[in-house]
Amino acid sequence: MANVAFIGLGVMGYPMAAHLKERGGHEVTVYNRTVAKAEKWVAEHGGAMAPTPAEAARDKDFVFSCVGNDEDLCTVTLGEDGAFKAMKAGAVFIDNTTASALIARELAAEAESRGFGFIDAPVSGGQAGAENGVLTVMCGGDQATFDKARPVIEAYARMVGLMGPAGAGQLTKMVNQICIAGLVQGLAEGIHFGKKAGLDIEKVIEVISKGAAGSWQMENRYKTMNAGEYGFGFAVDWMRKDLGICLTEANDNGAKLPVTALVDQFYKEVQEMGGKRWDTSSLLARLEK
């Protein structure tokens with residue numbers, strides 16, 4: 001059992017922190033910008049809450065964060081009441097935010113200078129994966145720090161891998177999102193085409209899902225896409241943030257992402273349709289408008 005803090009109780013962080021407490025058996029202190037959310041978590045799961053990230057991190061073996069973006073991450077780590085001010089020597093900070101590789105490298109270097117470890121550990125699996133404790137976690141950092149953190153991370157994961165040095169976890173998450181964007185657009189176009197052709201989509205998917213066209217997106221999203229239901233899952237706003245990170249990195253490293261750039265613009269159209277919080281499978285709604 002470890003003494004753990006979790007910073008950021010959004011739709012992902014809330015259940016992840018719960019798995020650390022209940023499945024992992026760790027002592028957990030939580031911090032959230034909206035205090036009521038932290039109070040609710042403690043009422044449901046026990047543990048403790050702290051008024052600042054620094055107080056949450058004080059004397060902890062492991063400190064987790066899952067916040068919105070690079071700016072939020074800088075605030076909770078390096079801000080006036082940031083966690084890095086209170087991290088003890090030999091502890092490990094594990095960041096589950098989907099952020100840039102640049103900020104991951106900067107925070108890793110800062111952590112090393114202060115005598116504690118840092119792992120960038122973005123996750124894939126969405127809200128359902130977080131709630132069920134079956135996330136895929138892509139880590140960047142050194143082997144010794146990863147080996148120390150992995151048993152704790154496994155409380156909310158089904159797959160945890162070290163992808164390389166600091167920043168490699170974030171870069172791997174970018175690959176993940178690039179692949180997903182193309183898959184969802186292809187699935188949306190396929191369903192749209194099938195409907196226009198007068199096919200029974202249920203029958204079509206039953207057959208093609210067993211062949212080369214099969215995917216997680218097809219298996220888990222075709223029914224709701226066919227029904228025009230998008231009020232759940234990984235929001236379009238979040239995907240646009242992630243794709244923006246991918247496109248910025250590609251601009252820096254020279255990678256060519258024409259499909260990703262195009263799908264990003266399609267998601268912009270979905271936002272303009274009022275679908276900012278719709279599931280990413282709502283690309284079909286754009287085709288059917």
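The exercises below work through a predicted model of one protein chain.

**Exercise 1. Overall dimensions**

Task: Compare the radius of gyration of the protein chain with the value for a compact globule of 289 residues.

Solution:
- Start from the rule, 2.2 Å times the number of residues to the power 0.38.
- For 289 residues, this puts a compact globule near 19 Å.
- The protein chain has 20 Å, which agrees.
- As a further description, the C-alpha trace spans about 65 × 45 × 35 Å along its principal axes.

**Exercise 2. Composition of the fold and surface**

Task: State how many helices and strands the protein chain has, what share of its residues is buried, and what share of its accessible surface belongs to carbon and sulfur atoms.

Solution:
- The protein chain contains 13 helices and nine strands.
- Of its 289 residues, 50% count as buried.
- The accessible surface is about 13100 Å², and carbon and sulfur atoms hold 53% of that area.
- Among contacts with a separation of 6 or more, 67% join residues 24 or more positions apart.
- For the charges, there are 29 positive and 36 negative side chains, with the centres of the two sets 4 Å apart.

**Exercise 3. Strand β5 and its partner**

Task: Work out which residues of β5 point the same way, and in which sense β4 and β5 pair.

Solution:
- In a regular strand, side chains alternate between the two faces of the sheet.
- In β5 (residues 92–95), V92 and I94 point one way, while F93 and D95 point the other way.
- All of these residues are buried.
- Strand β4 (residues 62–65) pairs with β5 in the parallel sense, over four bridges.
- Within this pairing, F62 stands opposite V92.

**Exercise 4. Two helix residues**

Task: Decide whether T260 is buried or exposed, do likewise for P15, and list the contacts of T260 and of P15 beyond four places in sequence.

Solution:
- T260 lies in helix α12 (residues 258–272).
- Its relative accessible area is 4%, so T260 is buried, the cut-off being under 20%.
- Beyond four places in sequence, T260 is in contact with I178, L243 and L247.
- The C-alpha atoms of T260 and A181 are 6.5 Å apart, although 79 residues separate them along the chain.
- P15 lies in helix α1 (residues 13–22).
- P15 has 13% relative accessibility and therefore counts as buried by that cut-off.
- Its contacts beyond four places in sequence are G10, A130 and E131.
- P15 and T52 are 37 residues apart in sequence, and their C-alpha atoms are 20 Å apart in space.

Key: Residues are numbered from 1 along each chain as its sequence is written. This is a predicted model: local features need pLDDT of at least 70, side-chain atom pairs count only at pLDDT 80 or more; totals for chains, interfaces and linings use all residues. Side-chain values use heavy atoms; hydrogens and water are left out. Helices (H or I, at least four residues) and strands (E, at least two) are DSSP runs, numbered from the N terminus. Buried means under 20% relative accessible area, exposed over 50%, partly exposed in between (1.4 Å probe, protein chains only). Contact means heavy atoms within 4.5 Å. Accessible areas come from the Shrake-Rupley method with a 1.4 Å probe; for residues, only the protein chains shown count as cover. Lys and Arg count as positive and Asp and Glu as negative; His and the chain ends are not counted. The place of a charge is taken as NZ of Lys, CZ of Arg, CG of Asp or CD of Glu. Two strands pair if DSSP finds at least two bridges between them.
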